[in-house]
Amino acid sequence: MKKVLLVINCIILAVGTCGGPLIMRLYFIEGGKRIWLSSWLQTAAWPINFIPLVISYFYRRKNNNNNSSKLILMTPRVFMATTGIGVLQGFTNYFYAYGVAKLPVSTSGLLFATQLAFTAFFAFLIVKLKFTPYSVNSVFLLTIGAVVLALRSGGDQPEGEPKKEYVLGFVMTLASAALSGLIFPLVELIYKKAQQTITYTFVLEFQTLYCFVATVLATIGMIINKDFQAISREANTFELGEDKYYIVIIWSAIILQFYFLGSIGVIYSASSLVSGILISVLLPITEVLAVFLYGEKFNAEKGVSLALSLWGFASYFYGDYRGNNNTENSNQSPAIEMIDKTNCTP
């Protein structure tokens, strides 16, 4: 049953990882201009999580034969910490949405891949992660990959887009990667300090809360920017038509939520290592789909950056794999996995 669950979650994760950035970009290509709305859509489908949460609750009640089973597993202390993570995730979503609005998917995806380097750096500061030759090599390769793209920062600039906005999109995407890299070790720290068992239900509650907080932040941004009033006007001028505008909006929210559900499911069914490797493998697929679907340029610089990114991913996860094996062989208690390592933006 666990193997079946793993396969299902791998499929869900693949849909979210590949489809999320593509459908977000479609919104902007066809006339969408609301960045706060795009940010809001990244977590707006958080109520979907209530389906597995409700199933889990009744399953626990049935197995325990106890009607007083706790409805919520999260403690008040973890609740407050998770709320803070949600605020950070809200800003991350906005920065990422800005990057997707201004950059081709093949460029923004490669830039966001640098989050692994930021994760290693912040994990060293926050949870005292020890650098290894593999992690140092990974950080170096991912950094060089971003530099290669920066050297030709205008090579794939969308037609009609000012150079200033393109560069700002470049910077905002790196900022979203940096914030994601900060969030991951903070989440690991919360799990370590939670003083309770980390179960699939607990992680779902964690994800639901921080997605809700991020959505609230985006909602405030939309109200200030008057995005809600602009939705109907934008739908009328959408190049694919008004009906398809709302279809794109709805499916954006659903597909992006698939990313969160799939990543957590893979971690629960296998490990965070498997989840990270799967996302790494899906990176070139997203690049190829962007080139074929949207006619994006894939120049030599992107090819080099992609190769360096994949090399960096492989180095990092191979080092993580060897480290886990050494820990098991020495009969030491393994560190709590970074459960949200693949989390929050595509």
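The protein chain reads α-α-α-α-α-α-α-α-α-α-α-α-α along its sequence. The model is predicted. The exercises below work through it.

**Exercise 1. Overall make-up**

Task: State how many helices and strands the protein chain has, and what share of its residues count as buried.

Solution.
- Step 1. The elements come to 13 helices and zero strands.
- Step 2. The protein chain has 346 residues, and 51% of them count as buried.
- Step 3. The exposed surface of the protein chain is about 16,200 Å², with 68% of it supplied by carbon and sulfur atoms.
- Step 4. Take the contacts with a separation of 6 or more: 85% of them join residues 24 or more positions apart.

**Exercise 2. How α6 meets α8**

Task: Determine how the axes of α6 and α8 are placed, and which classes of residue make up their contact.

Solution.
- Step 1. Packed helix pairs are described by the angle between their axes and the distance between the axes.
- Step 2. Helix α6 covers residues 115-126 and helix α8 covers residues 163-193; their axes come within 8 Å and cross at roughly 40 degrees.
- Step 3. Angles under 35 degrees count as roughly parallel, and 65 to 115 as roughly perpendicular. α6 and α8 are therefore oblique to each other.
- Step 4. The crossing of α6 past α8 is right-handed.
- Step 5. On α6, the contact is made by Gln115, Phe118, Thr119, Phe122, Ala123 and Ile126. On α8, the contributors include Leu174, Ala177, Gly181, Phe184, Pro185 and Leu189.
- Step 6. Sorted by class, this contact of α6 with α8 has twelve nonpolar, four polar and no charged residues.

**Exercise 3. How α4 meets α9**

Task: Carry out the analysis for α4 and α9, giving the angle at which their axes cross, and place Gln89 in the picture.

Solution.
- Step 1. The axes of α4 and helix α9 (residues 200-224) come within 7 Å and cross at roughly 50 degrees.
- Step 2. This angle makes α4 oblique to α9.
- Step 3. α4 and α9 cross in a right-handed sense.
- Step 4. Among the α4 residues in the contact are Phe79, Thr82, Gly86, Gln89, Gly90 and Asn93, and among those of α9 are Phe202, Phe206, Tyr210 and Leu217.
- Step 5. By class, the contact of α4 with α9 has twelve nonpolar, six polar and no charged residues.
- Step 6. Gln89 belongs to helix α4, which spans residues 76-102. Its relative accessible area is 1%, and buried means under 20%, so Gln89 is buried.
- Step 7. Gln89 and Ile183 are 94 residues apart along the chain, yet 7.7 Å separates their C-alpha atoms.

**Exercise 4. Thr215 on α9**

Task: Is Thr215 buried or exposed, and which residues does Thr215 touch?

Solution.
- Step 1. Thr215 is in helix α9.
- Step 2. With 7% relative accessibility, Thr215 counts as buried.
- Step 3. Leaving out residues up to four places away in sequence, Thr215 touches Trp40, Thr43, Ala44 and Trp46.

**Exercise 5. The cover on α5**

Task: List the buried residues of α5, then locate Leu110 relative to Ser305.

Solution.
- Step 1. Helix α5 (residues 105-112) is mostly covered, with seven of its eight residues buried.
- Step 2. These buried residues are Val105, Ser106, Thr107, Ser108, Leu110, Leu111 and Phe112.
- Step 3. Leu110, which lies in helix α5, has 2% relative accessibility and counts as buried.
- Step 4. The C-alpha atoms of Leu110 and Ser305 are separated by 7.1 Å, although the two residues are 195 residues apart along the chain.

Note on methods: Residues numbered from 1 in each chain as written. Predicted model: local features only at pLDDT ≥ 70, side-chain atom pairs only at ≥ 80, totals over all residues. Heavy atoms only, no water. Axes fitted to C-alpha atoms, helices over the stretch in contact; angles between N-to-C directions. Helix = DSSP H or I, 4+ residues; strand = E, 2+ residues; numbered from the N terminus. Parallel < 35°, antiparallel > 145°, perpendicular 65-115°, else oblique. Left-handed = near helix turned anticlockwise from the far one by under 90°. Contact = heavy atoms within 4.5 Å. Nonpolar A, V, L, I, M, F, W, Y, C, P; charged D, E, K, R; others polar. Buried < 20%, exposed > 50% of the residue type's maximum accessible area, 1.4 Å probe, protein only. Areas by Shrake-Rupley, 256 points an atom, 1.4 Å probe, with all protein chains shown as cover.
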